[in-house]
Amino acid sequence: MTRNTFHPTWPQLSGLQTRNGNELIAGTVYCVGRNFSEHACEMNSPIPKEPLIFTKPIGSLLVGEEAIVQLPAQSNDVHHEVEWVVALDKGGKNIPKNEAWDYVAGWGVGIDLTARDLQSAAKKAGKPWAVSKGFDGFGPVSRFAPKPTSFFPMHLEDYELELTVNGQTRQQDKLSSMLFTLPELVHYLSTLFTLRPGDILFTGTPAGVSQVQAGDQCRAVLTSNTGELESHLNVKITVVK
Ligand code: MG
């Protein structure tokens with residue numbers, strides 16, 4: 001096992017700024033599980049009655065249009081989960097749903113990489129999912145696009161997520177298929193935790209998750225009907241030799 005001594009920095013959310021015009025630095029990475037009913041079905045899991053929340057360690061986060069992710073030696077079954085990823089530039093507790101959009105700085109598209117074998121074993125044993133979701137690079141996200149001032153009301157049926165592996169579509173759905181909307185998620189999270197500027201939310205994945213292999217090229221895209229606000233992310237999967 002290679003021992004690394006270095007001083008990693010806290011990731012900057014490229015494309016976004018604080019309300020004072022400074023760099024926006026990543027905070028907590030929150031994630032939502034089973035937020036698309038067809039994905040819950042494909043996992044043979046019940047549709048949640050309230051948001052299913054977990055977190056990823058900060059080392060999982062990579063920000064930029066190109067990323068390289070190494071498959072961890074501890075897993076033989078890593079899956080892609082394409083997701084709409086939202087960043088906050090304002091913090092608070094008990095945020096009302098009707099004010100939640102005011103806390104959003106912008107968004108991008110990301111992949112919640114998941115060691116499915118480790119997650120399944122953890123579920124069976126009643127253990128946390130943290131390891132299966134948290135390896136270095138398991139949360140690559142595109143550059144963030146600032147929230148436009150002109151998009152309200154936001155029509156989520158106009159926005160579509162797509163993930164291809166080596167050019168073949170594996171996942172595709174509209175953001176309007178989400179079970180819990182972004183305001184509902186921000187509100188719910190803020191009733192549990194104090195949210196901070198730089199906090200990030202992976203909002204859940206559509207159906208079609210599947211295994212990635214070393215050498216695969218994954219491309220995640222978020223598009224809108226208008227052709228504006230597109231986000232792109234290319235992830236090369238590699239293995240430690
Ligand atoms: Mg996910």
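Two residues are in contact when heavy atoms of theirs come within 4.5 Å. Keep that cut-off in mind for the whole walk. You have a predicted model open, where local features need pLDDT of at least 70 and side-chain atom pairs count only at pLDDT 80 or more, while totals for chains, interfaces and linings use all residues. Residues are numbered from 1 along each chain as its sequence is written, and side-chain values use heavy atoms, with hydrogens and water left out.

**Stop 1: Thr-114**

Select Thr-114, in strand E10 (residues 114-115). Strands here are DSSP runs of E with at least two residues, helices are runs of H or I with at least four, and both are numbered from the N terminus. Now show what surrounds the residue. Skipping residues up to four places away in sequence, Thr-114 touches Asp-77, Val-78, His-79, Glu-81, Gln-119, Ser-132, Lys-133 and Phe-138. Is Thr-114 buried or exposed? Its relative accessible area is 0%, so Thr-114 is buried. The scale goes like this: under 20% relative accessible area is buried, over 50% is exposed, and partly exposed is in between, using a 1.4 Å probe and protein chains only.

Draw a distance from the Thr-114 side chain to that of Lys-133 and you get a polar contact of 2.8 Å. The term covers a pair of N or O atoms within 3.5 Å; within protein, one must be able to donate a hydrogen and the other to accept it, and residues adjacent in sequence count only if both atoms are side-chain atoms.

**Stop 2: the magnesium ion**

Glu-81, one of the residues Thr-114 touches, takes you to the metal. Which residues coordinate the magnesium ion? They are Glu-81 (OE), Glu-83 (OE) and Asp-112 (OD), at 2.0 to 2.2 Å. Donors are N, O and S atoms within 2.8 Å of the metal (3.2 Å for Na, K and Ca), and the site may look incomplete because water is not among the atoms. Along the sequence, the donor spacing reads E-x1-E-x28-D. Color by accessibility and check two of the donors: Glu-81 is buried at 4%, and Glu-83 is buried at 1%.

**Stop 3: aromatic rings**

Phe-138, another Thr-114 contact, brings you to the rings. Across the whole structure there are 7 aromatic pairs. Rings of Phe, Tyr and Trp (its six-membered ring) pair if their centres lie within 6.5 Å; planes under 30 degrees apart are stacked, over 60 edge-to-face, and the rest tilted.

Select Tyr-30 and Phe-193: with centres 5.6 Å apart and planes at 15°, the pair is stacked. This pair ties together distant parts of the chain, 163 residues apart, with Tyr-30 in strand E3 (residues 29-33) and Phe-193 in the loop between helix H4 (182-192) and strand E15 (200-202). Tyr-30 is buried at 7%, whereas Phe-193 is partly exposed at 35%.

Then go to Phe-135 and Phe-138, whose ring centres are 5.3 Å apart with planes at 65°, so this pair is edge-to-face. Both Phe-135 and Phe-138 are buried. Before moving on, select Trp-84, Trp-101, Trp-107 and Tyr-159, which make up one aromatic cluster.

**Stop 4: the open sheet**

Switch to cartoon. What is the strand order in the open sheet of 5 strands? Reading across, it is E6-E17-E16-E13-E14, with mixed pairing. Two strands pair if DSSP finds at least two bridges between them. E6 (66-71) and E14 (168-174) are the edge strands, each with a single partner, so one side of each lacks a neighbour in the sheet.

Start at the E14 end. E13 (residues 159-165) runs antiparallel to E14, joined by 6 bridges, and Leu-161 stands opposite Asp-173. The two strands form a hairpin with 2 residues between them, and Asn-166 in the turn has a positive phi of about 50°.

In the other direction, E16 (residues 217-224) and E17 (residues 231-239) pair antiparallel over 6 bridges, with Cys-218 bridged to Val-235. E6 and E17 run parallel and are also joined by 6 bridges; here Ala-67 stands opposite Val-235. Look at both faces of E6: Ala-67, Val-69 and Leu-71 are covered, while Glu-66, Ile-68 and Gln-70 are uncovered.

**Last stop: Asn-234**

Select Asn-234 in E17, which is buried at 15%. Beyond four places in sequence, its contacts are Glu-65, Glu-66, Ala-67, Gln-217, Cys-218 and Arg-219. The side chains of Asn-234 and Glu-66 share a polar contact of 3.1 Å.
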